[in-house]
Amino acid sequence: MGRYLIRRLIQAIPVLFGATFLIYALTLGLGDPVQALAGEKKADPLVAAMLRQKYHLDDPFLLQYWNYITNVFQGNFGETLNGRQVLDLITEAFPYTINLAIVAFVIEAVFGVLAGIMAALRRGRFLDQLVLLSTLFLISIPVFVTGFMLQLILGVEAKAIGIDFFPVSFNEADGFKAYILPGYILASTSLAYVARLTRTSMMETMRADYVRTATAKGLPRRRVVVNHALRNALIPIVTFLGADLGALMGGAVITENIFNINGIGGLIAQAIRLDQGTVLVGVVTLLVLVYLIANLIVDLLYAVLDPRIRYA
């Protein structure tokens with residue numbers, strides 16, 4: 001296991017370099033960051049020359065990237081043209097997004113897996129058809145439509161009749177309650193996929209020989225389902241959930257804008273709008289690291305779920 005872990009960490013290095021190199025190259029097409037700082041007015045030539053010299057904007061591209069990536073390994077994600085440290089901006093926004101992603105992840109994992117299990121155990125019945133229909137509904141409707149609909153129904157309309165549980169706009173003073181509705185909206189599409197994946201995986205596992213043998217031995221159905229079928233059926237589900245954790249953080253742009261959450265999604269949107277390439281590259285670098293760590297944890301969980309899996 002130790003050698004496998006070291007090998008995976010070594011393999012993550014070229015992935016990190018490749019992803020950051022691509023996004024760094026793409027940010028060059030966003031426009032002139034010095035002119036973007038000046039807005040609609042023409043940037044002062046002396047000030048623009050000073051800024052370009054200070055931030056090495058006139059250096060060759062490969063040299064700029066090398067300076068950036070070496071600073072990242074030292075914990076320095078760069079500085080915006082208005083003097084703010086990118087790491088400080090990420091530190092301010094990251095807690096909101098991680099809280100939102102955790103709530104969405106829990107909703108997706110718990111309700112998605114439970115719905116899939118119940119549908120698989122009642123294949124062809126009303127509950128199975130209800131799960132299939134509702135998940136198809138969630139997959140078909142864009143997230144921003146679902147967000148505005150639930151914001152209107154559970155926020156505005158519910159408040160009109162005296163039910164004030166789901167805040168329409170994010171307020172940190174509301175605590176955990178402020179994350180429930182945006183967390184569900186962020187997780188809605190993934191929840192549907194998890195439910196369908198769990199249903200399919202459980203139905204395949206329930207037809208396996210070892211499950212039939214456990215049933216024939218007279219074991220209680222609950223023990224057969226939980227200890228024998230579910231444990232093996234969770235392997236593809238864990239794979240999806242691990243990959244989706246990074247997607248929840250990176251895909252929170254729409255949800256955070258709907259509920260005015262000042263998280264990573266809002267930071268990405270602001271960086272694109274203001275041509276702040278350094279901020280964009282810094283956020284993407286962080287998300288790449290989250291993806292790599294999540295995938296590594298998922299691979300290690302395989303051995304926990306299935307003792308037959310061994311890493312050398």
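This section describes the fold, two helices, the charged groups and several individual residues of a predicted model.

The chain contains 13 helices and zero strands, and from the N terminus on every element in the order is accordingly α. Taken along the principal axes, the C-alpha atoms fill a box of roughly 85 × 60 × 30 Å. The chain has 312 residues, of which 41% count as buried. Its accessible surface comes to about 17,100 Å², and carbon and sulfur atoms contribute 66% of that area. Among contacts with a separation of 6 or more, 75% are between residues 24 or more positions apart. Two pairs of residues illustrate distances across the model. Thr80 and Val145, separated by 65 residues in sequence, lie 34 Å apart from C-alpha to C-alpha. Ala49 and Ile268 are 219 residues apart in sequence, and their C-alpha atoms are 27 Å apart.

Helices H5 and H8 were examined for span and bending. Helix H5 covers residues 86-121. At 1.5 Å a residue, its 36 residues should span 52 Å, and the distance of 50 Å between its end C-alpha atoms agrees with this. H5 nevertheless bends by about 35° at Phe94, with a proline, Pro95, following within four residues. Helix H8 covers residues 177-206. A straight helix of 30 residues would span 44 Å, whereas the end C-alpha atoms of H8 are only 38 Å apart. A bend of about 50° is found in H8 at Ser188. H8 is also mostly covered, with 21 of its 30 residues buried.

A search of the whole structure finds two salt bridges. In one of them, Arg84 pairs with Glu92, and the closest N and O atoms are 3.0 Å apart. Arg84 counts as partly exposed because its relative accessibility is 34%. Glu92, at 48% relative accessibility, likewise counts as partly exposed. The other salt bridge joins Asp128 to Arg199, with 2.6 Å between the closest N and O atoms. Asp128 lies in helix H6 (residues 126-140) and Arg199 in helix H8, so this pair ties together parts that are 71 residues apart in sequence. Both Asp128 and Arg199 are buried.

Glu108, in helix H5, is a buried charged residue without a salt bridge. The nearest side chain of opposite charge is that of Arg196, 14 Å away. Leaving aside neighbours within four places in sequence, the contacts of Glu108 are with Val113, Ala187, Ser190, Leu191, Val194, Phe240, Leu241, Asp244 and Leu248. Of these contact residues, Ala187, Ser190, Leu191 and Val194 fall within the range of H8, residues 177-206.

Thr80 and Thr255 are two further buried positions. Thr80 lies in the loop between helix H4 (61-72) and helix H5. Because its relative accessibility is 4%, below the 20% limit, Thr80 counts as buried. Apart from residues up to four places away in sequence, Thr80 touches Tyr55, Val86, Leu89 and Val279. Val86 and Leu89 belong to the residue range of H5, 86-121. Thr255 lies in helix H11 (residues 253-258). Its relative accessible area is 0%, and Thr255 is therefore buried. Under the same exclusion of sequence neighbours up to four places away, Thr255 touches Leu100, Val143, Pro182, Ile185 and Leu186. Pro182, Ile185 and Leu186 are within the residue range of H8, and Leu100 is within that of H5.

By contrast with these buried threonines, Ala49 is partly exposed, with a relative accessible area of 43%. Ala49 is located in helix H3 (residues 45-54).

One backbone angle was also noted. Asn260, which is not a glycine, has a positive phi of about 55°. Most residues other than glycine have a negative phi. Asn260 lies in the loop between H11 and helix H12 (264-273).

Methods: Residues are numbered from 1 along each chain as its sequence is written. This is a predicted model: local features need pLDDT of at least 70, side-chain atom pairs count only at pLDDT 80 or more; totals for chains, interfaces and linings use all residues. Side-chain values use heavy atoms; hydrogens and water are left out. Helices (H or I, at least four residues) and strands (E, at least two) are DSSP runs, numbered from the N terminus. Buried means under 20% relative accessible area, exposed over 50%, partly exposed in between (1.4 Å probe, protein chains only). Contact means heavy atoms within 4.5 Å. Lys and Arg count as positive and Asp and Glu as negative; His and the chain ends are not counted. A salt bridge is a side-chain nitrogen of Lys or Arg within 4 Å of a carboxyl oxygen of Asp or Glu. The expected span of a helix is 1.5 Å times one less than its number of residues. The bend at a residue is the angle between axes fitted to the seven residues ending there and the seven starting there. Accessible areas come from the Shrake-Rupley method with a 1.4 Å probe; for residues, only the protein chains shown count as cover.
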